[in-house]
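Welcome! Here are some exercises to work through with the model open beside you. Try each task before reading its solution.

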Amino acid sequence: MSIPGQTMGVSVFTDYLIESTGVSRLQLSNAYLIGTVTSGLLLPFGGVFLDRFGTRLSVVLASVWLGLTLGYMSVCDRIAVSLSQTWNLPTSNYIAFGLLVLGFTSLRFSGQGMLTMSSRNTLGKWFDKRRGLASGIAGVFISFGFASTPSIVNTWIEATTWRWTWVSMGLMVGLGMSSLGWLLYRDNPEECGLQMDGKFNPSAPPPSQASVDTRRDFTRSEALRTPAFWAVTLALSCQALAITGITFHIVDLGAEVGLTKAEAVALFIPMALVSTIMGSLMGLAADRIRLQFLFMGMMTALGIGIASMANLDIVALRGFAIAGLGSSGGCFGTLSAVALPRFFGRTHLGAISGVQMMSIVFASAIGPSWMALFKNFAGSYQLGLYCFCIFPPLILLLNWMAPNPQARR
């Protein structure tokens with residue numbers, strides 16, 4: 001349900017927004033950058049709200065907020081034209097740019113930020129020994145949903161219009177997800193008279209040494225002083241940086257190598273299959289293997305995917321692009337839910353994850369503008385993708401060096 005606020009959900013609408021508002025591709029990317037950065041600055045406060053008022057209220061408010069924002073986005077170009085006529089302005093471009101910034105800020109804060117953070121933290125608070133398994137099961141749906149979204153939304157738009165697609169999405173999220181959130185979400189098992197993971201089964205195999213029991217709950221300031229926090233956060237941010245940059249411009253990127261819009265969007269279909277398989281495997285692995293090794297594998301797959309995407313005109317490398325980006329995407333959903341509660345405990349999870357989400361959001365804001373700048377000045381996205389390739393090896397090394405903070409006495 002957070003997909004309309006994610007780059008996967010926005011990317012299919014970019015050409016329609018450019019055509020309807022009259023802004024350039026670089027202006028749209030910059031509006032997305034400003035809106036996303038602004039939303040990121042708000043997320044640490046959202047994390048504190050989450051700790052104080054719980055996931056149930058947070059997910060309801062975020063769903064309603066996202067639904068209303070989608071309705072606004074469907075008519076923001078018309079609002080810009082109306083305001084420019086009222087104020088006798090020669091063009092509506094500048095007003096449209098400002099309205100897009102406002103819309104993207106709201107879209108990213110409610111969808112990518114609060115709705116995602118509330119759902120992820122709920123898993124972290126309800127499961128411990130089986131957190132990887134639970135996150136892996138959720139990751140199957142998340143990975144498939146994210147990777148298949150561009151193709152599904154494109155079909156949706158062609159069957160109706162881009163405006164009605166956003167309006168119908170808004171109704172689904174604003175009414176549907178808010179109702180589900182109120183009915184099913186609870187902040188933690190203790191308030192329901194339950195324990196994490198349910199009743200302990202003595203016949204179950206003991207967790208591996210890689211799964212260290214949580215011995216203490218870190219405050220936000222304590223967590224931010226550990227190398228593990230930044231190793232994990234930078235890995236997830238690197239994934240967001242590359243994937244949002246590629247996804248936001250996927251149609252134009254495909255056009256560079258002679259792919260039609262449908263063919264470019266269709267790349268996400270096999271990627272969805274790879275993500276789904278990897279997400280389920282990662283759920284099993286996260287309870288048995290040290291997380292630093294899993295993050296290192298994620299960075300390796302991401303680097304292969306980005307480098308292959310830079311050579312999309314070579315048919316043989318399209319498979320590597322699909323496998324690399326799909327695998328790293330499958331890792332993302334599970335690892336982002338497992339890492340923070342395992343390393344830092346549950347008590348201040350909202351505040352800690354708020355800072356992490358801010359970093360991820362900042363990275364996702366930079367990606368589309370980064371790609372647009374290279375396209376604008378170099379005439380191609382290829383150099384921008386090659387520059388992306390610098391980050392995964394560096395972050396892989398950081399994860400190799402960062403110790404588990406719970407293992408330190």
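A charge sits over a ring if NZ of Lys or CZ of Arg is within 6 Å of the ring centre and within 35 degrees of the ring normal. Keep in mind that this is a predicted model.

**Exercise 1. Charges over rings**

Task: Find the ring whose face Arg56 lies over, and then the ring that Arg216 lies over.

Solution: Start with Arg56, which lies over the face of Trp182, at 3.8 Å from the ring centre. Next, go to Arg216: the ring beneath this residue belongs to Phe218, and the distance from the ring centre is 4.0 Å. Phe218 also belongs to an aromatic cluster, together with Phe229, Trp230, Phe343 and Phe344.

**Exercise 2. Two stacked pairs**

Task: Describe the aromatic pair formed by Tyr16 and Trp162, and say where its two members lie.

Solution: A pair of aromatic rings is described by the distance of the centres and the angle of the planes. For Tyr16 and Trp162 the centres are 6.5 Å apart and the planes are at 20°. Planes under 30 degrees apart count as stacked, and this pair is stacked. Now locate the partners: Tyr16 is in helix α2 (residues 14–21) and Trp162 in helix α7 (residues 162–184), so the pair links parts of the chain 146 residues apart. Finally, look at accessibility. Tyr16 counts as partly exposed because its relative accessibility is 21%, while Trp162 counts as buried at 10%.

Task: Do the same for Trp370 and Phe388.

Solution: This pair is stacked too, with 5.1 Å from centre to centre and 20° between the planes. Trp370 lies in helix α15 and Phe388 in helix α16 (residues 382–388), so the pair ties together parts that are 18 residues apart in sequence. Trp370 is partly exposed, with a relative accessible area of 21%, whereas Phe388 is buried at 1%. The full count for the model comes to 14 aromatic pairs.

**Exercise 3. Two helices that cross**

Task: Work out how helix α9 (residues 227–248) and helix α15 (residues 349–378) pass one another.

Solution: First take the axes, which come within 7 Å and cross at roughly 30°. Then take the handedness: the crossing of α9 and α15 is right-handed. Last, list who meets whom. From α9 the contact includes Phe229, Val232 and Leu236, and from α15 it includes Ile352, Val355 and Met371. The residues of this contact divide into 13 nonpolar, eight polar and no charged.

**Exercise 4. Two loop residues**

Task: Is Asn88 buried or exposed, and where does Arg288 lie?

Solution: Asn88 is in the loop between α4 (76–86) and α5 (93–126). Exposed means over 50% relative accessible area, so Asn88, at 70%, is exposed. Its phi is positive, about 55°, although Asn88 is not a glycine. Arg288 is found in the loop between α12 (268–286) and α13 (291–309), and is exposed as well, at 53%. The C-alpha atoms of Arg288 and Gly132 are 8.7 Å apart, with their positions 156 residues apart in sequence.

**Exercise 5. Around Met172**

Task: Which residues does Met172 contact, leaving aside its neighbours within four places in sequence?

Solution: Begin by finding Met172 in helix α7, where this residue is partly exposed at 44% relative accessibility. With those neighbours left aside, the contacts of Met172 are Met1, Trp156 and Met177. Pro392, 220 residues along the chain from Met172, is 36 Å away, C-alpha to C-alpha.

Notes: Residues are numbered from 1 along each chain as its sequence is written. This is a predicted model: local features need pLDDT of at least 70, side-chain atom pairs count only at pLDDT 80 or more; totals for chains, interfaces and linings use all residues. Side-chain values use heavy atoms; hydrogens and water are left out. Axes are lines fitted to C-alpha atoms, for helices over the stretch in contact, and angles run from 0 to 180 degrees between N-to-C directions. Helices (H or I, at least four residues) and strands (E, at least two) are DSSP runs, numbered from the N terminus. A crossing is left-handed if the near helix is turned anticlockwise from the far one by less than a right angle, and right-handed if clockwise. Contact means heavy atoms within 4.5 Å. Ala, Val, Leu, Ile, Met, Phe, Trp, Tyr, Cys and Pro count as nonpolar, Asp, Glu, Lys and Arg as charged, and the others, Gly among them, as polar. Rings of Phe, Tyr and Trp (its six-membered ring) pair if their centres lie within 6.5 Å; planes under 30 degrees apart count as stacked, over 60 as edge-to-face and the rest as tilted. Buried means under 20% relative accessible area, exposed over 50%, partly exposed in between (1.4 Å probe, protein chains only).
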